[in-house]
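Please work through the exercises below with the sequence and the model side by side, and try each task before reading its solution.

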Amino acid sequence: MAINTRQPLRIRYFTVTHEFWHLLGYKEVISEEIDHERAADRFAAAVMMPASLVRLLWGRLKLDFGEEKAIIMIADMAAAPYEAVA
């Protein structure tokens with residue numbers, strides 16, 4: 001695996017976590033009928049942004065700053081891609 005160091009740090013973190021899913025070998029255990037790329041993205045999001053914490057932050061930040069700013073703030077806190085937070 002190689003990581004493009006020209007990409008922003010948040011993208012590199014997400015990419016490494018995404019690729020870790022593939023290294024874990026779930027493709028051999030889980031049915032071929034699922035989209036393993038999407039599963040790897042969801043795995044990366046779950047690792048980088050625990051659901052309970054994001055729910056807590058989302059409720060508070062959305063009220064105080066609105067949806068768009070809340071997405072940006074959570075992405076910045078988690079060092080995750082904005083698209084993954086959205």
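## Exercises on a predicted model

Helix α1 passes helix α3 in a right-handed crossing. The model used throughout these exercises is a predicted one.

**Exercise 1.** Describe how α1 and α3 pack, giving the angle and the distance between their axes, and decide which word fits their relative direction.

Solution. Two packed helices are described by the angle between their axes and by the distance between those axes. For α1 and α3 the angle is about 120°, and the axes lie 8 Å apart. Angles of 65 to 115 degrees count as roughly perpendicular and those over 145 as roughly antiparallel, and the two helices are therefore oblique to each other. The residues that meet come from both sides: Tyr13, Phe14, Thr17 and Trp21 are among those in α1, while Ala39, Phe43, Val47 and Met48 are among those in α3.

**Exercise 2.** Check whether the length of α3 agrees or disagrees with the span expected for its 13 residues, and then find what its buried residues pack against.

Solution. The expected span is 1.5 Å times one less than the number of residues, so the 13 residues of α3, from 36 to 48, should span 18 Å, and the end C-alpha atoms are indeed 18 Å apart, which agrees. At the start of this helix, a side-chain oxygen of Asp35 comes to within 3.1 Å of the backbone nitrogen of Glu37. The buried residues of α3 are His36, Ala39, Ala40, Ala44, Ala45 and Met48, and they pack against α1 (9-23), α2 (26-29) and α5 (67-78).

**Exercise 3.** Apply the same kind of check to α4, which has 15 residues, and name the residue that follows α4.

Solution. For the 15 residues of α4 (residues 51-65) the expected span is 21 Å, and the end C-alpha atoms are 20 Å apart, which agrees. The residue that follows α4 is Gly66, whose phi is positive, near 90°.

**Exercise 4.** Work out whether His18 is buried or exposed, and whether His22 is buried or partly exposed; then trace the polar contacts made by the side chain of His22.

Solution. Both residues belong to α1, His18 as well as His22. Buried means under 20% relative accessible area, so His18, at 8%, counts as buried, whereas His22, with 29%, is partly exposed. The side chain of His22 makes one polar contact with the side chain of His18, at 3.2 Å, and another with the side chain of Glu37, at 3.2 Å. Leaving aside residues within four places in sequence, His22 is in contact with His36, Glu37 and Ala40, and His18 touches Glu37, Ala40, Asp41 and Ala44. Although His22 and His36 stand 14 residues apart along the chain, their C-alpha atoms are separated by 8.2 Å.

**Exercise 5.** Classify Arg10 as buried or exposed, and find which backbone oxygen the side chain of Arg10 reaches.

Solution. Arg10 lies in α1, and its relative accessibility of 18% means that Arg10 counts as buried. The side chain of Arg10 reaches the backbone oxygen of Ala75 at 3.0 Å. Apart from neighbours within four places in sequence, the contacts of Arg10 are Ala75, Asp76, Ala79, Ala80, Pro81 and Tyr82.

Technical notes: Residues are numbered from 1 along each chain as its sequence is written. This is a predicted model: local features need pLDDT of at least 70, side-chain atom pairs count only at pLDDT 80 or more; totals for chains, interfaces and linings use all residues. Side-chain values use heavy atoms; hydrogens and water are left out. Helices (H or I, at least four residues) and strands (E, at least two) are DSSP runs, numbered from the N terminus. Buried means under 20% relative accessible area, exposed over 50%, partly exposed in between (1.4 Å probe, protein chains only). Contact means heavy atoms within 4.5 Å. A polar contact is a pair of N or O atoms within 3.5 Å; within protein, one must be able to donate a hydrogen and the other to accept it, and residues adjacent in sequence count only if both atoms are side-chain atoms. Axes are lines fitted to C-alpha atoms, for helices over the stretch in contact, and angles run from 0 to 180 degrees between N-to-C directions. Angles under 35 degrees count as roughly parallel, over 145 as roughly antiparallel, 65 to 115 as roughly perpendicular and the rest as oblique. A crossing is left-handed if the near helix is turned anticlockwise from the far one by less than a right angle, and right-handed if clockwise.
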